[in-house]
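Me: I am new to this structure and should like to be guided through it by questions and answers. Please show it to me before we begin.

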Amino acid sequence: MTRAGFVALIGEPNAGKSTLLNRMVGAKVSIVTHKVQTTRARIRGVAMQDDSQIVFVDTPGLFQPRRRLDRAMVAAAWGGAADADVVVLLIEAHRGVTEGVERILEGLTDIGKGRKVALAINKIDRVQSEVLLALTKDMNERYTFAETFMISAEKGHGVQALREWLAKEIPEGPWLYPEDQIADLPMRMIAAEMTREKLTLRLHQELPYQMTVETENWEERKDGSARIDQVIYVIRDGHKGIVLGHKGETIKAVSKAAREELNEFLGRKVHLFLQVKVRPNWLDDAERYSEMGLDFKDGA
Ligand SMILES: Nc1nc2c(ncn2[C@@H]2O[C@H](COP(=O)(O)OP(=O)(O)OP(=O)(O)O)[C@@H](O)[C@H]2O)c(=O)[nH]1
């Protein structure tokens with residue numbers, strides 16, 4: 001009997017959701033960087049375990065929303081959890097029960113009803129076992145978790161046990177995706193995320209926060225290569241210069257790094273063309289939210 005179901009990974013920004021998802025799925029579908037808040041959409045990956053197909057909803061980090069986009073992201077994260085068969089709350093071992101974790105636990109009293117919630121304590125490589133045991137006890141006194149896992153998403157410890165457990169917990173039913181399909185994330189979006197990641201790594205603090213990358217065109221060429229055209233949208237003219245860099249150095253380096261990663265990911269040659277454009281106020285453009293897969297409702 002086959003099984004298939006949705007699993008939502010929730011947690012504070014930087015908890016390690018993308019790292020864990022990549023480990024479970026075994027491919028780079030969600031982008032990991034050292035900066036917080038890089039997950040901009042409900043990215044899903046599919047993992048096969050025994051006869052089960054586990055479909056992951058990689059939600060944006062849950063945090064205290066300040067701006068409209070932030071609110072939409074938090075709403076999307078909770079929305080992902082509400083759609084899921086099983087929820088995994090990921091927390092950081094060395095940070096313990098932060099205010100953010102407390103807020104998520106409050107939210108769980110609602111969302112957790114009628115579905116199993118597992119606790120995954122991540123980054124166990126950073127703490128001693130006494131700390132872990134105390135944290136496990138503390139968390140389980142605050143919420144009735146179906147199971148507690150101690151993992152290191154980065155090193156891979158405990159990840160297989162979590163995956164096997166999830167495989168047993170999701171409902172019986174036919175698979176939702178062909179077996180060889182590791183992610184249903186459109187390739188255009190993956191490609192845009194790669195460029196976004198390279199920009200993030202290159203610009204660090206300078207990065208204009210309100211910046212998006214979109215793949216505008218994807219052309220398969222007869223020689224087996226692909227031509228990909230992307231636009232980097234910033235909200236102010238002044239930001240354009242930052243993205244371009246002195247004599248275009250920044251954009252050139254970003255383009256090279258993104259192209260190399262795309263070559264490797266697709267296993268064939270890629271011609272990547274980047275453009276920077278100004279699009280003011282995209283943050284207030286509700287349509288954009290839905291394009292990103294975020295359920296945006298005014299005031300939500
Ligand atoms: N030491 C240690 N670091 C980890 C572990 N798992 C993840 N990290 C690091 O934690 C940071 C954040 O990981 P991400 O996977 O990007 O976190 P995220 O929860 O997806 O973050 P957002 O996209 O901001 O919500 C990265 O620098 C990871 O390398 C772990 O098991 N041990």
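Me: What is the mean pLDDT of the protein chain?

Reply: This is a predicted model, so its confidence deserves attention at the outset. Of the residues in the protein chain, 74% reach a pLDDT of 70 or more. The mean pLDDT of the protein chain is 79.

Me: In which helix is the confidence of the protein chain lowest?

Reply: Confidence varies along the chain. It is highest in strand β6 (residues 147-150), at a mean of 98. At the other end, with a mean of 49, stands helix α9 (residues 286-291).

Me: How many contacts beyond four places in sequence does the model have for residues 27-43?

Reply: Over residues 27-43 the pLDDT stays under 50. Residues 181-185 also have a pLDDT below 50, and that stretch has 19 contacts beyond near neighbours in sequence. For residues 27-43, the number of contacts beyond four places in sequence is 55.

Me: What percentage of the residues in the protein chain is buried?

Reply: The protein chain holds nine helices and nine strands. Among its contacts between residues at least 6 apart in sequence, 70% join residues at least 24 apart. Of the 300 residues in the protein chain, the buried share is 37%.

Me: Which strand gives the most to the largest nonpolar core?

Reply: The largest nonpolar core has 42 residues, and those touching the most other members are V7, F56, V87, L89, A120, I121 and I151. One strand contributes six residues, the most given to this core. That strand is β4 (residues 86-92).

Me: How many residues make up the second, separate core?

Reply: Apart from the core just described, the model has another one. Its members include M189, L199, V213 and L272. The number of residues in this second core is 17.

Me: Which residue in β5 stands opposite V88?

Reply: Strands β4 and β5 pair in the parallel sense, over seven bridges. Five of the seven residues of β5 are buried, so this strand is largely enclosed by the rest of the structure. The residue of β5 opposite V88 is A118.

Me: Within what arc do the buried residues of helix α3 fall?

Reply: Helix α3 (residues 99-111) has 13 residues and reaches 19 Å from its first C-alpha to its last, close to the 18 Å expected. Its buried residues are V101, I104 and L108, while E99, E102, E106, T109 and D110 are exposed on the other side. Seen down the axis, the buried residues of α3 line one face of the helix, because they fall within an arc of 55°.

Me: Which strands are included in what covers the buried residues of α3?

Reply: The residues to be covered are V101, I104 and L108. What covers them includes three strands: β1 (3-11), β4 and β5 (116-122).

Me: Within what arc do the buried residues of helix α5 fall?

Reply: In helix α5 (residues 159-169), the residues V159, L162, R163 and L166 are buried. An α-helix has 3.6 residues a turn, so residues three or four places apart point the same way. Seen down the axis of α5, the buried residues line one face, because they fall within an arc of 100°.

Me: Is T195 buried or exposed?

Reply: T195 lies in helix α6 (residues 187-203). Not counting residues up to four places away in sequence, T195 touches V213, Q230, V254, A258 and L274. A residue counts as buried with 20 or more other C-beta atoms within 10 Å. T195 has 25 such atoms, and T195 is therefore buried.

Me: What is the phi of K123, about?

Reply: K123 is found in the loop between β5 and α4 (129-142), and with 22 C-beta neighbours inside 10 Å it counts as buried. Most residues other than glycine have a negative phi. K123 is not a glycine, yet its phi is positive, at about 65°.

Me: Does K247 count as buried or exposed?

Reply: K247 also has a positive phi, of about 50°, although it is not a glycine. The place of K247 is in the loop between α7 (237-244) and α8 (249-266). Because K247 has 7 C-beta neighbours inside 10 Å, it counts as exposed.

Technical notes:
Residues are numbered from 1 along each chain as its sequence is written. This is a predicted model: local features need pLDDT of at least 70, side-chain atom pairs count only at pLDDT 80 or more; totals for chains, interfaces and linings use all residues. A nonpolar core is a set of buried Ala, Val, Leu, Ile, Met, Phe, Trp, Tyr and Cys residues joined through C-beta atoms within 7 Å. A residue is buried if 20 or more other C-beta atoms lie within 10 Å of its own, exposed if 12 or fewer, and partly exposed in between; C-beta atoms are placed from the backbone. Helices (H or I, at least four residues) and strands (E, at least two) are DSSP runs, numbered from the N terminus. The expected span of a helix is 1.5 Å times one less than its number of residues. The arc is that of the directions from the helix axis to the C-beta atoms. Two residues are in contact if their C-beta atoms, placed from the backbone, lie within 7 Å. pLDDT is the predictor's confidence in each residue, from 0 to 100. Two strands pair if DSSP finds at least two bridges between them.
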